[in-house]
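Work through the following exercises with the sequence and the model side by side. Each task is followed by a solution that goes step by step.

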Amino acid sequence: MADIPAHVPDLEPYRRRVAEIMRSPAQTIAEDALLPAIARRMAEDARGALLVTNRFDQVVGILTERDITRALGKHAAAALGLSAGDIMTREVVAINESAFMFRAIGRMRRMNLRYLPVTDDAGRYTGMVSARALLALRALDGQVIADELDVAQTAEELGHARAALPQLATHLLQDGSGAREVAAVISGIYCDITARASAIVEAQMQAEGQPAPAPWCMLVLGSGGRGESLLKPDQDNAIVHAGSSEDDGWYARAGERVADLLDAAGIPYCKGGVMAKNPGWRGAQGQWRSRVTDWIKRHSPEALLNVDIFYDLKPVYGALRLGEGLRNEALAAARSSPVFLRLLAEQTAQLHPAIGFFGRLRAGEGGRVDLKLGGLLPLVSAARLMALKLGSNATATDERLRAVGRVGLIGPEDLNGLIEAQGLLLRLILEQQIADLAAGREPGSKIDPDALNRRDRDRLKAALKHLDLLPDMIQGVLTSQASLTQPDGPT
């Protein structure tokens, strides 16, 4: 394992997301507004930065106090006749609202920005982060792991962030962070690495005279899309684009290059082939629509496995609106097929918690218990299925469970029990993986129950027993007419 800093000075940037600290909504001003009107607007709204829009209400730049000061210094009184379009900064650097603070800090520090616009997954501007807000949280001065991702150009540079994760996870756990929060940080960095690899490849192909034939979006699937990855990554990714089937050659080459770059950076190829380099995991919007419809109608084990991975998708690079649109269409298609949902339920029912009738843990080879196969997998699958039935677009397992709880199909006690069970399972697997890496072993999900302290062993048995309730919960959700009044979860 690569050398890792022995101390992480400030863990706060790894706990909080940009959405928690941004000022919302994002404020705009027309590009033809003159400097006196701009100054009045900033003073009235107490804003240090405004997004500039054209007559079509499209964002075409950003205007900050620094731009106004620069214009006055250069043009003196004549600056009063300048418009927002004259003095704005045309290149708008932004960050997603679900990103962790450390990504915003790194980007602002590297580019010497005082204000950073924030977008949602569809690319809509939703707020603004200021250096002042970060300073108020004492978060600007700490060492930030992986803030070099924005400028990484090689697999080695991408791999620096990957190599730092075990030590970062250890620090976060020791400092009292829950395993669910640690998994979200790990997943976020995997997604950032995938996004940066996609950007590198697109820039390389552009420089080679091979520009993308149409807008496209890289998706992260599976545990990375749910925000629940741990320390044994692999590549689960896909591409959706706005081109035609004739454009497939470009996206095939891009997918292959991204896969090779990620593998070299320490995120191995997916053994199941779930990568955009393979034809079944890339396509135009219409191709994806047909593919999802086929999965839902075909009812084969392979189709059901594909669905398990696909419905956890997260858009991470490119035209994010394409990924969001694909997810919404796919959710609607699944919800409208009771037969498909019933088959998913039957498949989920075959996943059994690793505990026997008499409350004894079911151990396998070497006396170890596989907490992924016999714990997380049944819970994740059940939560996904119930969320699909209700029309929830949440991807995280705990948010999916809460969606079921909001419509009254899981009682508060059972809901808390399932969420606590997930947290415990994630923590025990994460601790095992940290120990495996420290010993030079490949990180796994099989733990030795005899190595647990009595409290954790008792809690594990109780958690696995709680998972026995899942088949009845699924049945209740499938037969219910309840639905969410509006979509929830990250979009």
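**Exercise 1: The sheet**

The sheet in this predicted model is open and built from 3 strands, which follow the order E1-E2-E3 with mixed pairing. Task: find which strands stand at the edges of the sheet, and describe how E2 and E3 pair.

Solution. Begin with the edges: strand E1 (28-30) and strand E3 (59-64) each have a single partner strand, so one side of each is left without a neighbour in the sheet. From one strand to the next, the twist averages 35°. Then turn to strand E2 (residues 49-53), which pairs with E3 in the antiparallel sense over 5 bridges. To place one of these residues, take Ala49, whose bridge partner in E3 is Thr64.

**Exercise 2: Two helix pairs**

Task: describe how H2 packs with H3, and then work out how H14 and H19 are oriented to each other.

Solution. Two packed helices are described by the angle between their axes and the distance between the axes. For helix H2 (residues 35-45) and helix H3 (residues 65-75), the axes come within 11 Å and cross at roughly 145°, and the crossing is left-handed. On the H2 side the contact involves Leu35, Ile38 and Met42, which meet Glu65, Ile68 and Ala71 of H3. Sorted by class, this contact has 5 nonpolar residues, no polar ones and 1 charged residue.

For helix H14 (residues 338-349) and helix H19 (residues 470-479), the axes are 11 Å apart and the packing angle is about 175°. Angles over 145 degrees count as roughly antiparallel, and H14 and H19 are therefore roughly antiparallel to each other. Leu341, Arg342, Ala345 and Thr348 of H14 make this contact with Ile474, Gln475, Leu478 and Thr479 of H19. By class, the contact of H14 with H19 has 4 nonpolar, 3 polar and 1 charged residues.

**Exercise 3: Backbone details and confidence**

Task: locate the cis peptide bond and the positive phi of Ala76, and then find where the pLDDT is below 50.

Solution. The cis peptide bond joins Ser24 and Pro25, with omega at about 0°, and Pro25 lies in the loop between helix H1 (18-21) and E1. Ala76, although it is not a glycine, has a positive phi of about 55°, and Ala76 belongs to the loop between H3 and helix H4 (84-87).

As for confidence, the chain averages a pLDDT of 89, and 94% of the residues score at least 70. Over residues 1-9, however, the pLDDT is below 50, although this stretch has 16 contacts in the model beyond near neighbours in sequence. Where pLDDT is low, the predicted coordinates should not be read in detail.

Conventions: Residues are numbered from 1 along each chain as its sequence is written. This is a predicted model: local features need pLDDT of at least 70, side-chain atom pairs count only at pLDDT 80 or more; totals for chains, interfaces and linings use all residues. Side-chain values use heavy atoms; hydrogens and water are left out. Axes are lines fitted to C-alpha atoms, for helices over the stretch in contact, and angles run from 0 to 180 degrees between N-to-C directions. Helices (H or I, at least four residues) and strands (E, at least two) are DSSP runs, numbered from the N terminus. A crossing is left-handed if the near helix is turned anticlockwise from the far one by less than a right angle, and right-handed if clockwise. Contact means heavy atoms within 4.5 Å. Ala, Val, Leu, Ile, Met, Phe, Trp, Tyr, Cys and Pro count as nonpolar, Asp, Glu, Lys and Arg as charged, and the others, Gly among them, as polar. pLDDT is the predictor's confidence in each residue, from 0 to 100. Angles under 35 degrees count as roughly parallel, over 145 as roughly antiparallel, 65 to 115 as roughly perpendicular and the rest as oblique. Two strands pair if DSSP finds at least two bridges between them.
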